[in-house]
Amino acid sequence: MLASGKKSAYKAPYFAQLRVFSAITKMARLIWVIHGPNLNLLGMREPSVYGSTSLARIDAELAKVAKAHGVRLDSFQSNHEGALVDRVQSAPAAGVDYIVVNPAAYTHTSVALRDALAAVAVPFIEVHLSNIHRREAFRHHSYLSDLATGVIAGLGPIGYRLALQAAIESLRGADASPSGPRPPKKG
Ligand code: DQA
């Protein structure tokens, strides 16, 4: 309602409405972990670069951390750009509060994945097992980093855990703010 007594024509954007709905229904916060191409091969794939920990083990560790903090976590891996875009697009309707994403090779190539993350406006943290800045020049650029809340690279599987912890803390801070639960602002 406006001061003039008229009803405001303003409507929160669709995705924002979905997030408010999930906050009102007081569901535990939901964090998605998204892994890009070839990460299904972790453990066998270039262990000198990516280490010896399998993706299943990384996901299991993350699930433990999430459980200990009372948040819901869902992990997803795909070798297909379109499947990753579809997954990101479905995040608002699923009530996702935060995304931790290792886009793998699509980091350096995918405008589509960038556009999907920009469209849904779910806050996200970009993770890389290896330090992409110490590697080949083509890995130095990310299509996602400037949209991300933060970027972690070069710490191996610990990077995922730190990203998850940061996401949880950020959501806690948002829940505790006087204006009520809302996702953190970017920038
Ligand atoms: C990676 C780094 C990318 O350059 C590479 O294409 C990957 C994995 C990492 O986790 O270090 O597949 O994202």
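Strand β4 (residues 124-128) runs parallel to β5, and four bridges join the two. Strands here are DSSP runs of E, at least two residues long, and helices are runs of H or I, at least four residues long, all numbered from the N terminus. Keep in mind that this is a predicted model: local features need pLDDT of at least 70, side-chain atom pairs count only at pLDDT 80 or more, and totals for chains, interfaces and linings use all residues. Residues are numbered from 1 along each chain as its sequence is written.

**The sheet**
- H128 of β4 has A153 in β5 as its bridge partner.
- Five strands make an open sheet in the order β2-β1-β3-β4-β5, with parallel pairing; two strands count as paired if DSSP finds at least two bridges between them.
- Why do β2 (72-77) and β5 (150-153) each have one side without a neighbour in the sheet? Both stand at the edges with a single partner strand, so one side of each stays free of a neighbour.
- On average, neighbouring strands of this sheet are turned by 15° against each other, direction ignored; the axes are lines fitted to C-alpha atoms, and angles run from 0 to 180 degrees between N-to-C directions.

**Helix α6**
- L113, R114, A116 and L117 are buried in helix α6 (residues 111-120). Buried means 20 or more other C-beta atoms within 10 Å of the residue's own, exposed means 12 or fewer, and partly exposed is in between, with C-beta atoms placed from the backbone.
- These residues sit on the same side of α6 because they cover an arc of only 160° around the axis, taken from the directions from the helix axis to the C-beta atoms.
- V111 and A118 are exposed, on the face turned away from the buried side of α6.
- The cover over the buried residues of α6 includes α4 (81-89) and β4.
- A121, just after α6, takes a positive phi of about 55°.

**Around the ligand**
- Which residues are around the ligand? They are N38, N102, A104, A105, T107, H128, L129, S130, I132 and R139, each with its C-beta atom, placed from the backbone, within 6 Å of it.
- By class, this shell has four nonpolar, five polar and one charged residues. Ala, Val, Leu, Ile, Met, Phe, Trp, Tyr, Cys and Pro count as nonpolar, Asp, Glu, Lys and Arg as charged, and the others, Gly among them, as polar.

**The chain as a whole**
- The chain has seven helices and five strands, in the pattern α-β-α-α-β-α-α-β-α-β-β-α along the sequence.
- Of its 187 residues, 32% are buried.

Key
Contact = placed C-beta atoms within 7 Å.
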